[in-house]
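Subject: Structure handover

Hello,

Here is the structure I said I would pass on. Please look through it alongside the notes below.

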Amino acid sequence: MVERPILYSFRRCPYAIRARLALAAAGVQPGLDLELREVNLKARPSELLEASAKGTVPVLVLPADGTSAGQSHGASSVIDQSLAVMRWALERHDPGDLLRRADRPGHSAQRALIEALIASNDGLFKHHLDRFKYAGRHPGADPEEHRAAALTILRDWNARLPQLVDRASLADLALLPFVRQFRLADPERFDAAPGLTAVQAWLGRFLASPELSAVMTPPWAAREAWRSPRWLYHLALAPEWHAARSEGIYRRSSRGLSLEEVGFIHASHSHQLEATHQRFYADAPDVLLLTIDPGRLAAAGIAVEEEPAPGSGELFPHIQGPLPLAAVLAWEPFRP
Ligand SMILES: N[C@@H](CCC(=O)N[C@@H](CS)C(=O)NCC(=O)O)C(=O)O
């Protein structure tokens, strides 16, 4: 049962950025009105996949009576398209008039322009952006050809931008994160590209805006992924983890102790990690956080027992055998 909205997000994803921009513009405060869960797209939590099987971000999970826009999902409802998240947010509260301005009588041309710009962005511009910026993921794609095609679209927008009145609309929020991403792939050539004066100025204002920096920093965005309570966590010293990766199996139990010496591998639940770090690793350099999928441990025939820590009685998960690398979903520097 969801008590307040949950936003699954990814800091750098342009779709998630535009959703966060709209939620922030609507006055939503993460931590207060909404729980933000930063997602590692290479290790997506099962909570996200249960809410939306396609597993893309952003996804907004709403309490039962939170909306009429989402699909029903048990007791809660789910909005799993960024534009729909934006509309949900701005329909609730739109102090900047971002959504409604173009809906007023007499503004139909502007509304059509906003819709055309969004369709152009989400369709062809995104297509060319991906093949320019992530050419390695698209075998056979010529990044220069796709850059040129994206620039042609941007020049078309450059001619149309002045038709938008000088206040922001849904199109600004929806397009600018993607133009930002295009520029980031080659900032010097973007800044020097001819025929883009209006787009360059438009992006420049966005890049310098407090609205953008707000949604790229906590509490709207984090550099560490949300820790699902369904996963297990183990703190490891970086050299020991890297050695294990080349050997194919990890056999350390805790700092300075092996699996053979202890009989199991120490692990923590998400809420226990900070204290575990404080007790055993606070002065250690290069501490890594391993995220472990208990389902994959079970599939490898490795049991987990909940056992009390000596002295406190608090139950911790103890992994009853060597840790197969395949059960480790992610590893990253641990930042307390
Ligand atoms: N149409 C979706 C697209 C969202 C999307 O593709 N997000 C990317 C990250 S920028 C993602 O989650 N990719 C992971 C995947 O496709 O598996 C929306 O507007 O929300």
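The notes go from the domains to the cores, then to the ligand and one loop residue.

The model is predicted, so please read what follows with that in mind.

Domains. The protein divides into domain 1 (6–92), domain 2 (101–215) and domain 3 (232–333). Taken over C-alpha atoms, the centres of domain 1 and domain 2 are 23 Å apart. Each of these two domains puts nine residues into the contact between them. On the side of domain 1 that touches domain 2, the elements giving two or more residues are α1 (14–25) and α3 (82–92). The largest share is from α1, with seven residues. By class, that side of domain 1 has seven nonpolar and two charged residues, and no polar ones.

Cores. The largest nonpolar core has 62 residues, and the members that touch the most others are A22 and M86. Both domain 1 and domain 2 supply at least three residues to this core. A second core, separate from that one, has 20 residues, among them W231, I265, I292 and I319. In general, nonpolar side chains in soluble globular proteins tend to be buried together.

Around A22 and α3. Once neighbours within four places in sequence are set aside, the contacts of A22 are V85, M86, A89, L90 and L173. Four of the names in that list, V85, M86, A89 and L90, are also among the buried residues of α3. The other buried residues of α3 are S82 and W88. As a group, the buried residues of α3 pack against α1, β3 (59–62), β5 (76–79) and α6 (170–185).

Ligand. Which residues surround the ligand? They are F10, C13, Y15, L41, G55, T56, V57, P58, Q81, S82 and L83. Sorted by class, this shell holds seven nonpolar and four polar residues, with no charged residue. S82 thus appears twice in these notes: in the ligand shell, and as a buried residue of α3.

R12. This residue sits in the loop that links β1 (6–9) to α1. Is R12 buried, exposed or partly exposed? R12 counts as partly exposed because it has 13 C-beta neighbours inside 10 Å, where 12 or fewer would make a residue exposed and 20 or more would make it buried. R12 and P177 lie 165 residues apart in sequence, yet their C-alpha atoms are 9.0 Å apart in space.

Regards

How values were computed:
Residues are numbered from 1 along each chain as its sequence is written. This is a predicted model: local features need pLDDT of at least 70, side-chain atom pairs count only at pLDDT 80 or more; totals for chains, interfaces and linings use all residues. A residue is near a molecule or strand if its C-beta atom, placed from the backbone, lies within 6 Å of it. Ala, Val, Leu, Ile, Met, Phe, Trp, Tyr, Cys and Pro count as nonpolar, Asp, Glu, Lys and Arg as charged, and the others, Gly among them, as polar. A nonpolar core is a set of buried Ala, Val, Leu, Ile, Met, Phe, Trp, Tyr and Cys residues joined through C-beta atoms within 7 Å. Domain bounds come from an automatic or database domain assignment. Two residues are in contact if their C-beta atoms, placed from the backbone, lie within 7 Å.
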